[in-house]
Amino acid sequence: MSAYLPEFPWDTLADAKKRAAAHPDGIVDLSVGTPVDPVAPLIQEALTSAAAAPGYPATAGTPLLRQSAVAALARRYGITGLADSAVLPVIGSKEFIAWLPTLLGLGAADVVVVPELAYPTYDVGVRLAGAQVLRADSLTQVGPQAPALLYLNSPSNPTGRVLGVDHLRKVVGWARQRGVVVASDECYLGLAWDAQPLSVLHPAVCDGDHTGLLAVHSLSKTSSLAGYRAGFVAGDGALVAELLAVRKHAGMMVPTPVQAAMVAALDDDDHEKQQRERYAQRRAALLPALRSTGFVVDYSEAGLYFWATRGEGCHDTVRWLAERGILVAPGAFYGPGGGQHVRVALTATDERIAAAVARLR
Ligand SMILES: Cc1ncc(COP(=O)(O)O)c(C=O)c1O
């Protein structure tokens, strides 16, 4: 099966990593985008106090978790009209994305549209299902065919691009006419800087009708919970019920202590604001440093990454930065259009970001 999948991209960065690690002041790793800040104490306490959990968890999640997710989506992102039963916890959103085409029963005859520059797991999920992938950012590129599934990702990984309300409305209207399921990966929705991203479930986008829409959310970045594997999907109640029915059989359950931790994280906005502020400060430090050394930063209006170019091949830029002890991801990881960019993550400690700034200056 692994032969049908691309090479695991991070394995190809080993040489650059070695070079960056040789810097006398150590590596600044801005490649993978894994959170480094402490898990908020109230979340850790919720996890440990739910540790006595001998029985199986419900695949659907506890009623409390579903309520907390609905309330957090309303409070934080203005999503209204969502029933508790239209929410389903997942074992991190990567798991969900990798298996969504399979869980929807897609196969060789089905086309799945993913953004031209995209998180690689969309493509992986399509391959696992044996379906066909089409990279397209505009509906004209899709043509008259009706794909089975279309991914949106705003704010985007890797570009930090935010899609405007008109763009989102157009996609939703188009998908409705053709019966296409829209999966909107919204794991960076809470990390907005220069533009205001909207959920696909926001009434300004979908007019309050969630039919055919799935919003995929993650607590990994906004609450620094990547190690807990905590996400959820929300949207079309009938689709969520179908996914639940299959996931029950497949044992795709979120552990009970993690569900309790998710409730604590979703009920508390303070730690989330604090995390956003940390990233805002790192962004404010790193952006001028990149520009001062000749980088052009495109998009990057929201999310956790700078999409940056020196107008040369991305592997040359990766090497140039590695010689300064800074490791970043080559844009080519994310699609053929990324060959002249690198993705620079904000996920390093303040001390490591300061080291990167000093090296760039
Ligand atoms: C666009 C996007 N979607 C999903 C994920 C997966 O997040 P998780 O599995 O931690 O929820 C990531 C992680 O980097 C991502 O960038």
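Start by selecting strand 12 and strand 13 (residues 342-345): 2 bridges join them, and they run antiparallel. Keep in mind that you're looking at a predicted model. To see one of the pairings up close, click on P330, then find V342, its bridge partner in strand 13.

Now add the rest of the sheet. It's an open one with 4 strands, in the order 9-10-13-12, and the pairing is antiparallel. Which strands stand at the edges? Strand 9 (296-298) and strand 12 (329-330) do, and each has a single partner strand, so one side of each is left without a neighbour in the sheet.

Next, show helix 11 (residues 270-292), which packs on the sheet. Helix 11 touches strand 9, strand 10 (305-309) and strand 13, and its direction makes about 5° with that of strand 10.

Time to zoom out. Colour residues 2-38 + 271-360 as domain 1 and 41-268 as domain 2, following the domain assignment. Their C-alpha centres lie 25 Å apart. The contact takes 31 residues from domain 1 and 31 residues from domain 2. What gives the most to the domain 1 side? Helix 11 again, with 7 residues. By class, that side of domain 1 has 15 nonpolar, 9 polar and 7 charged residues.

Last stop: the ligand. Select the 14 residues around it, and pick out G92, S93, K94, S218 and S220, which come nearest. Helix 4 (residues 93-103) supplies the largest share of this shell, 3 residues. Colour the shell by class and you'll get 4 nonpolar, 8 polar and 2 charged residues.

Notes. Residues numbered from 1 in each chain as written. Predicted model: local features only at pLDDT ≥ 70, side-chain atom pairs only at ≥ 80, totals over all residues. Near = placed C-beta within 6 Å. Nonpolar A, V, L, I, M, F, W, Y, C, P; charged D, E, K, R; others polar. Pairing = 2+ DSSP bridges. Contact = placed C-beta atoms within 7 Å. Axes fitted to C-alpha atoms, helices over the stretch in contact; angles between N-to-C directions. Domains from an automatic or database assignment.
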